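Colleague: Could you take a close look at one part of this model for me? I would like to hear about the aromatic rings and what lies around them.

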Amino acid sequence: SEVRLFEEIDDCRSNVAELDILMSESTRALLADIEHRTAHDFPPRAHIVSEDFELHRAGRYLASIPLMLATAEGIGWDDTGKSLFNVHRNRPEIAGWIDKNPERYHGITFLSALMESHPMAKPRPGFLNRHQVLHGRQLDYGSELFSLQAISLLGFVGWAFSDDGLISVQDVATRSKAKQ
């Protein structure tokens with residue numbers, strides 16, 4: 001259950017290796033659900049999502065990770081015209097958009113993950129860094145752990161921006177304006 005997972009996360013405290021194992025197991029269990037929901041909720045990206053997961057299942061993490069990261073960023077960009085990772089005034093660009101979105105309040109606890117600089121945006125030795133991967137600067141990212149982290153991000157962003165997700169913009173004009 002979700003409650004048990006939160007308790008297990010809390011039990012990890014500062015043990016990053018234990019947390020990585022726990023989150024990897026959780027993400028592995030959700031792979032099919034994340035793939036199906038993301039492809040279903042974002043039909044123009046369905047072919048890319050299919051490729052993302054096919055590469056992951058084949059263990060081709062060097063290819064799956066950049067594609068997953070780009071797909072997650074694209075989903076957020078489609079609705080907001082803002083980046084999940086690019087920082088403006090010490091916050092991701094998307095944070096300002098979320099601040100102004102009146103439909104965000106029911107999911108603000110979860111959306112806070114998009115309102116602060118994402119851990120993948122900070123270069124740290126031994127951790128996945130989106131910018132360094134996409135610009136060819138990080139060479140040691142081809143692991144299942146990092147692929148699962150990218151999948152987790154994709155699943156979260158897909159959940160947040162799906163029509164029934166955390167930001168359910170009711171005014172179609174508002175969504176259309178954000179895409180311009």
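Modeller: Happy to; I will start with the aromatic pairs and then work outwards to the core and a few other sites.

Please keep in mind that this is a predicted model. For orientation, the protein has nine helices and two strands, and the order from the N terminus is α-α-α-α-β-β-α-α-α-α-α. Of its 180 residues, 41% are buried. If you count contacts between residues at least 6 apart in sequence, 55% of them join residues at least 24 apart. The exposed surface comes to about 10200 Å², with carbon and sulfur atoms supplying 54% of it.

Now to the rings. A pair of aromatic rings is described by the distance of the centres and the angle of the planes. There are two aromatic pairs in the structure. One of them joins tryptophan 97 and phenylalanine 161: the ring centres are 6.2 Å apart and the planes stand at 45°, so this pair is tilted. An angle under 30 degrees would have counted as stacked, and one over 60 as edge-to-face. This pair links distant parts of the chain, since tryptophan 97 belongs to helix H5 (residues 93–100) and phenylalanine 161 to helix H8 (residues 144–161), 64 residues apart. Both partners fall below the 20% limit for buried residues: tryptophan 97 has a relative accessible area of 14%, and phenylalanine 161 has one of 1%.

The other pair is formed by phenylalanine 156 and tryptophan 159, with 6.0 Å from centre to centre and 70° between the planes, which makes it edge-to-face. Here the two partners are three residues apart in helix H8, so about one helical turn separates them. Phenylalanine 156 is buried at 18% relative accessibility, while tryptophan 159 is partly exposed at 32%.

Tryptophan 159 also leads us to helix H2, where arginine 37 lies. Setting aside residues up to four places away in sequence, arginine 37 touches Trp159, Ser162 and Asp164. Arginine 37 is partly exposed, at 31% relative accessibility. Its C-alpha atom is separated by 10.0 Å from that of valine 49, twelve residues away along the chain.

Phenylalanine 161, in turn, takes us to the largest nonpolar core. That core has 34 residues, and Phe53, Ile65, Leu114, Val157 and Phe161 touch the most other members. Helix H2 (16–41), helix H3 (46–57), H4, H5, helix H6 (108–115) and H8 each contribute at least two residues to this core. H8 gives the most, with ten residues. Leucine 114 shows how the core and the rings meet: beyond its neighbours within four places in sequence, leucine 114 is in contact with Phe156 and Phe161, among others. Its contacts also include Leu84, Pro92, Ile94, Ala95, Ile98 and Ala160.

Pro92 and Ile94 turn up again around serine 83. Serine 83 sits in the loop between helix H4 (61–80) and strand E1 (87–88), and with a relative accessible area of 1% it is buried. Leaving out residues up to four places away in sequence, serine 83 touches Glu73, Trp77, Pro92, Glu93 and Ile94. The side chain of serine 83 also reaches the backbone nitrogen of asparagine 86, at 2.8 Å.

One more ring deserves a mention, this time beside a charge. The charged end of arginine 124 sits over the ring of phenylalanine 127, 4.1 Å from the ring centre. Phe127 is also among the residues touched by glutamine 138, together with Leu128, Asn129, Gln132, Val133 and Phe146, not counting residues up to four places away in sequence. Glutamine 138 lies in the loop between helix H7 (130–134) and H8 and is buried, with a relative accessible area of 7%. Its side chain makes a polar contact of 3.1 Å with the side chain of aspartate 140.

Finally, back to helix H8, which holds leucine 145. Leucine 145 is partly exposed, with a relative accessible area of 27%. Apart from neighbours within four places in sequence, leucine 145 is in contact with Asp20 and Ser24. Leucine 145 and glutamate 25 are 120 residues apart in sequence, yet 10.0 Å apart in space from C-alpha to C-alpha.

Terms used. Residues numbered from 1 in each chain as written. Predicted model: local features only at pLDDT ≥ 70, side-chain atom pairs only at ≥ 80, totals over all residues. Heavy atoms only, no water. Phe/Tyr/Trp six-rings, centres within 6.5 Å; stacked < 30°, edge-to-face > 60°. Helix = DSSP H or I, 4+ residues; strand = E, 2+ residues; numbered from the N terminus. Buried < 20%, exposed > 50% of the residue type's maximum accessible area, 1.4 Å probe, protein only. Lys NZ or Arg CZ within 6 Å of the ring centre and 35° of its normal. Polar contact = N/O pair within 3.5 Å; in protein donor to acceptor, adjacent residues only side chain to side chain. Contact = heavy atoms within 4.5 Å. Areas by Shrake-Rupley, 256 points an atom, 1.4 Å probe, with all protein chains shown as cover. Core = buried A, V, L, I, M, F, W, Y, C linked by side-chain atoms within 4.5 Å.
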